[in-house]
Amino acid sequence: MRSSNLVKSCLILTVFAGAGCATAPEPVVRTVEVKVPVSRSCIPTTLRQEPTFPDTDAALRATAGPDDLIKLLAAGRLLRDQWLAEVRPVLRGCR
């Protein structure tokens, strides 16, 4: 007798459990747009790379005399000033 009551109880629970699942509402699917800041470089791709300056330590040591040394330093300074004239406005724009 007890086992028949147990079987009946299990059947009743199964019916109620199945009925509960059948009445569950459909999930609502919606798309939400979230704006997230994306970091990007402020340096334009058109900015050229740093040039190879002629007044390196090795080049300065290899000069024949003071005249060549001064010419090499002047060429390095001129090239450096030109390159910095391009880079400085870009750096100011990044701040």
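**Exercise 1. The disulfide**

Work out which hand the disulfide of Cys 42 and Cys 94 has, and what the bond ties together.

*Solution.* Start with the torsion: about the S-S bond of Cys 42 and Cys 94 it is about 110°, so this disulfide is right-handed. Next, place the two partners. Cys 42 belongs to the loop between α1 and α2 while Cys 94 belongs to helix α3, so the bond ties together parts that are 52 residues apart in sequence. Keep in mind that this is a predicted model; in it, the sulfur atoms of Cys 42 and Cys 94 are 1.7 Å apart. Searching the whole structure gives 1 disulfide. Finally, look at exposure: Cys 42 has a relative accessible area of 42% and is partly exposed, and Cys 94, with 29%, is also partly exposed.

**Exercise 2. The overall layout**

Describe the protein by its helices and strands, its buried share and its surface.

*Solution.* Begin with the elements: there are 3 helices and 0 strands, and along the sequence they give the pattern α-α-α. Then turn to burial: of the 95 residues in the protein, 8% are buried. The accessible surface is about 8,800 Å², and carbon and sulfur atoms hold 62% of that surface. As a last step, take the contacts with a separation of 6 or more: 59% of them are between residues 24 or more positions apart.

**Exercise 3. An aromatic pair**

Find the aromatic pair and decide whether its rings are stacked, tilted or edge-to-face.

*Solution.* The count comes to 1 aromatic pair. Its members are Phe 53 and Trp 83, with ring centres 6.5 Å apart and planes at 75°, so the arrangement is edge-to-face; the cut-off for that class is an angle over 60 degrees. Now locate the rings. Phe 53 is in the loop between α1 (2-22) and α2 (57-61), Trp 83 is in helix α3 (residues 66-94), and the two are 30 residues apart, so to speak linking distant parts of the chain. As for exposure, both Phe 53 and Trp 83 are buried. One more neighbour completes the picture: Arg 80 places its charged end over the ring of Phe 53, 4.3 Å from the ring centre.

**Exercise 4. Around Asp 55**

Is Asp 55 buried or exposed, and which residues does Asp 55 touch?

*Solution.* First find Asp 55 in the loop between α1 and α2. Its relative accessibility is 14%, and the limit for buried is under 20%, so Asp 55 counts as buried. Next, list the contacts, setting aside residues up to four places away in sequence: Asp 55 touches Leu 60, Leu 72, Leu 73, Gly 76, Arg 77 and Arg 80. With Arg 80, there is a polar contact of 3.1 Å between the side chains. Arg 77 is in helix α3 and is exposed, at 56% relative accessible area. Arg 77 and Asp 55 lie 22 residues apart in sequence, with 8.3 Å from C-alpha to C-alpha.

**Exercise 5. Leu 47**

Which residues is Leu 47 in contact with, leaving aside neighbours within four places in sequence?

*Solution.* Leu 47 is another residue to look up in the loop between α1 and α2. With the sequence neighbours left aside, the contacts of Leu 47 are Glu 86, Val 87 and Val 90. For Val 87, compare the two kinds of separation: Leu 47 and Val 87 are 40 residues apart along the chain, and their C-alpha atoms are separated by 7.7 Å.

Key: Residues numbered from 1 in each chain as written. Predicted model: local features only at pLDDT ≥ 70, side-chain atom pairs only at ≥ 80, totals over all residues. Heavy atoms only, no water. Phe/Tyr/Trp six-rings, centres within 6.5 Å; stacked < 30°, edge-to-face > 60°. Helix = DSSP H or I, 4+ residues; strand = E, 2+ residues; numbered from the N terminus. Buried < 20%, exposed > 50% of the residue type's maximum accessible area, 1.4 Å probe, protein only. Lys NZ or Arg CZ within 6 Å of the ring centre and 35° of its normal. Disulfide = S-S within 2.5 Å. Polar contact = N/O pair within 3.5 Å; in protein donor to acceptor, adjacent residues only side chain to side chain. Contact = heavy atoms within 4.5 Å. Areas by Shrake-Rupley, 256 points an atom, 1.4 Å probe, with all protein chains shown as cover.
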